[in-house]
Amino acid sequence: MAGSKKTKKKPSARRVARQAYEAELERLQIELVSMQQWVTAAGARVVVVFEGRDAAGKGGAIKRIMQYLNPRTARVVALPMPSERERGQWYFQRYIERLPTAGEIVLYDRSWYNRAGVEHVMGYCTPQQYELFLQQAPDFERMLVADGIILIKYWFSVSDAEQEARFKSRLNDPMRRWKLSETDLLSITRWEDYSRAKDEMFAATDIPEAPWWTIESDDKRSARLNAINHLLGQVPYESLEPESVEIPHRPHAEDYERPPRELHRYVPDHADTLRAT
């Protein structure tokens, strides 16, 4: 979020009811499948960048986008820390290697903008590397767009109070505890530094060819619906009629006899222990 002072949690509108959320999410996910079919048929290339503070809801939105897409032509790129070899490369190189080919959609769960955010704030890059990034990023993205790539950039904006509440909810959740790292916790004490970094990043890289789109994400349901709905509007897809498919008749087995079940090893029926007696 912009600004150098902490902000109180913004009063939000009434939360989307679960039933309405699930119905609209299903409708949008059907459209995502239709969009992917067009991308594949048209040989289009789509890159979607997801950025924002820790616990801003990027992962949840990506999960809902990917849920029913064909993983052969849609994938998520979430890179770990660069290796020693990668640290010796041009900064953008390892991201370029994962760009889509014709007919593919690639979602970057954090991207080259790590250098403008966590690397800059936490001192993982030099001031010279940071300044060079701000100079090169717009040109890099203009080249992608000029080559025909559909590039969409999202910033998930979360308030300080909501971020802290989400961190606390992860502490005792064994399925999400892994999401809480030392760097995440430091983002609380470095809130204003991250705010300044985000403002500088936007000033340098919010270009007409690849603008930043901000998604208010204190309400996760609204953020997911808004992100998917907007994404669909950024890709000029057309609904394609699926090819006619008929399920063939299964012929009767005339010369095959299945071996006795006792000859095979079966996984124990754990589920049976949960059934009511």
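Buried means under 20% relative accessible area, exposed over 50%, and partly exposed in between. The exercises below use this cut-off on a predicted model.

**Exercise 1. Two residues with positive phi**

Task: State where Ala55 and Arg110 lie, and decide whether each is buried, partly exposed or exposed.

Solution:
1. Most residues other than glycine have a negative phi, and most peptide bonds are trans.
2. Alanine 55 is not a glycine, yet has a positive phi of about 70°. Arginine 110, also not a glycine, has a positive phi of about 70°.
3. Alanine 55 is found in the loop between strand 1 and helix 2. Arginine 110 is found in the loop between strand 3 and helix 5 (118–121).
4. The relative accessibility of alanine 55 is 9%, so this residue counts as buried. For arginine 110 the relative accessible area is 25%, so this residue is partly exposed.

**Exercise 2. The packing of helix 7 and helix 8**

Task: Describe how the axes of helix 7 and helix 8 are arranged, and list the residues that meet.

Solution:
1. Two packed helices are described by the angle between their axes and the distance between the axes.
2. Helix 7 covers residues 160–171 and helix 8 covers residues 182–189; their axes come within 11 Å and cross at roughly 150°.
3. Angles over 145 degrees count as roughly antiparallel. Helix 7 and helix 8 are therefore roughly antiparallel to each other.
4. The crossing of helix 7 with helix 8 is left-handed.
5. Helix 7 brings Gln163, Glu164 and Phe167 to the contact, where they meet Asp184, Ser187 and Ile188 of helix 8.
6. By class, the residues of this contact are two nonpolar, two polar and two charged.

**Exercise 3. The nonpolar cores**

Task: Identify the residues that touch the most other members of the largest nonpolar core, and find which element supplies its largest share.

Solution:
1. The largest nonpolar core has 34 residues, and Phe156 and Val235 touch the most other members.
2. Elements that each supply at least two residues of this core include helix 1 (18–42), strand 1 (45–52), helix 2 (58–66), strand 3 (104–109), strand 4 (150–157) and helix 10 (220–234).
3. Helix 1 gives the largest share of this core, with seven residues.
4. Leaving aside residues up to four places away in sequence, valine 235 touches Met35, Trp38, Val39, Val46, Ile150 and Ile152.
5. There is also a second, separate core of 27 residues; among them are Trp112, Ala116, Leu134 and Phe202.

Notes. Residues are numbered from 1 along each chain as its sequence is written. This is a predicted model: local features need pLDDT of at least 70, side-chain atom pairs count only at pLDDT 80 or more; totals for chains, interfaces and linings use all residues. Side-chain values use heavy atoms; hydrogens and water are left out. Axes are lines fitted to C-alpha atoms, for helices over the stretch in contact, and angles run from 0 to 180 degrees between N-to-C directions. Helices (H or I, at least four residues) and strands (E, at least two) are DSSP runs, numbered from the N terminus. Angles under 35 degrees count as roughly parallel, over 145 as roughly antiparallel, 65 to 115 as roughly perpendicular and the rest as oblique. A crossing is left-handed if the near helix is turned anticlockwise from the far one by less than a right angle, and right-handed if clockwise. Contact means heavy atoms within 4.5 Å. Ala, Val, Leu, Ile, Met, Phe, Trp, Tyr, Cys and Pro count as nonpolar, Asp, Glu, Lys and Arg as charged, and the others, Gly among them, as polar. A nonpolar core is a set of buried Ala, Val, Leu, Ile, Met, Phe, Trp, Tyr and Cys residues joined through side-chain atoms within 4.5 Å. Buried means under 20% relative accessible area, exposed over 50%, partly exposed in between (1.4 Å probe, protein chains only).
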